[in-house]
Amino acid sequence: MLKHTPLYEKHKTLGAKIVDFGGWEMPIQYTSIIEEHTATREKAGLFDVSHMGEIIVKGKEAKNILNTLITNDMNLLHPKKIIYSPVPNEKGGVVDDLLVYMISDEEFLLVVNASNTEKDFSWFKEKISIISSSLEIINSSTDYGQIAIQGPSAQVILQKLTNFNLDQINFFTFDYVEVCGKKIIVSRTGYTGEDGFEIYCHHSQTEEIWDNLLSAGKNEGILPVGLGARDTLRLEAALPLYGHEFDDNITPIEAGLKFFVKPNKGNFIGADVLKKQIEEGTAKKLTGIELIDKGVPRSGYKIEKDGVEIGYVTSGTYSPTLKKGVAMVMISAEMVQPRNEVDVIIRDNKIKAKIVKLPFYQKKTKK
């Protein structure tokens, strides 16, 4: 049986095209991917992300123990602060990536990828039980609804529904905000490369908040956005996706996430492998390409240089913003030189592309 978010009926009413996404029936698009993508870049997009997993870890030792299970440093956290981190395995590969919300000194909310929720819960439970019997770990995913509002008009729209001054919520922080008469978690985070917020509420409150956001954003040009545009938006911003830019056999260093690996914080799983890669470099490296010829690069397509295979596409698409084919690629490290030309093999044809720095897109900063 496929799972449904609290907004499943809303998606059907809005005429969304529904697909199976990791065991969930989710909207891939409502109108068109390009229209929804452009609305998010220029105005605002509303996303159902209730399929994401939420895991609570509680206890006096929670901070220190979690610090041995992620690559980032838990000591960077304080209450209402958030960090992003890969979760390493013993080989230095990635079990998943997640957000850690510090609720209090002894309580943390882990937000994990939907398709990995059960795997992650079991993994954390197993690792924590080896170290301590006093920590409480709870899979609270079914309790939550999660909505993301993203884009230049996101704050204006959300502000209409609350008296809380949203300027007080800085990037990668959260607060408890009364929205539509309900006290919920609102964080300044997202997966689009735009400013915006992610809202965590009880699953029973999700429909009302969704409807009110659509109503409040009507004159601001808000559109509901499906998974199709969510993917093109995150790809333009070069935000990684588990199973593409990294997995159990691709390390955070290879995936260009060295900033989120803190080798001097103390011992953690996979530390020796990752420290060595930081010091000595890696044989392969994630970078970006823009197509010179017409074509759309897709995940798994081969990358060649002078007829020799040097890597593959991890994620690729037609960029609605740049109006050309773009891709993140994992290739031989020595080939990562800006403007170096390579070939993408698309249906047995060699399509010219050039190496570019990531990200492909960065949001406009306010003057």
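**View 1. Six strands form an open sheet in this predicted model.** The strand order is β10-β11-β12-β9-β3-β13, and the pairing is mixed. β10 (174-179) and β13 (222-225) are the edge strands, each pairing on one side only. On average, neighbouring strands of the sheet are turned by 30 degrees against each other, direction ignored.

**View 2. Edge strand β10 pairs with β11.** β11 covers residues 182-187. The two strands run antiparallel and are joined by six bridges. One residue to look for is valine 179, whose bridge partner in β11 is lysine 182.

**View 3. Helices α2 and α6 pack on the sheet.** Helix α2 spans residues 33-42 and touches β3 (44-48), β9 (144-150) and β13. The direction of α2 makes about 130 degrees with that of β13. Helix α6 spans residues 206-216 and touches β3, β9, β11, β12 (196-202) and β13. The direction of α6 makes about 15 degrees with that of β9.

**View 4. Glutamine 146 lies in strand β9.** Is glutamine 146 buried or exposed? Glutamine 146 counts as buried because its relative accessible area is 2%, and the cut-off for buried is under 20%. Leaving out residues up to four places away in sequence, glutamine 146 touches several others, including Phe47, Asp48, Val49, Val111, Glu198 and Ile199.

**View 5. The side chains of glutamine 146 and tyrosine 200 make a polar contact.** The distance for this contact is 3.5 Å. Tyr200 is also among the residues that glutamine 146 touches, as are Ser50, Met52 and Glu54.

Conventions. Residues numbered from 1 in each chain as written. Predicted model: local features only at pLDDT ≥ 70, side-chain atom pairs only at ≥ 80, totals over all residues. Heavy atoms only, no water. Pairing = 2+ DSSP bridges. Helix = DSSP H or I, 4+ residues; strand = E, 2+ residues; numbered from the N terminus. Axes fitted to C-alpha atoms, helices over the stretch in contact; angles between N-to-C directions. Contact = heavy atoms within 4.5 Å. Buried < 20%, exposed > 50% of the residue type's maximum accessible area, 1.4 Å probe, protein only. Polar contact = N/O pair within 3.5 Å; in protein donor to acceptor, adjacent residues only side chain to side chain.
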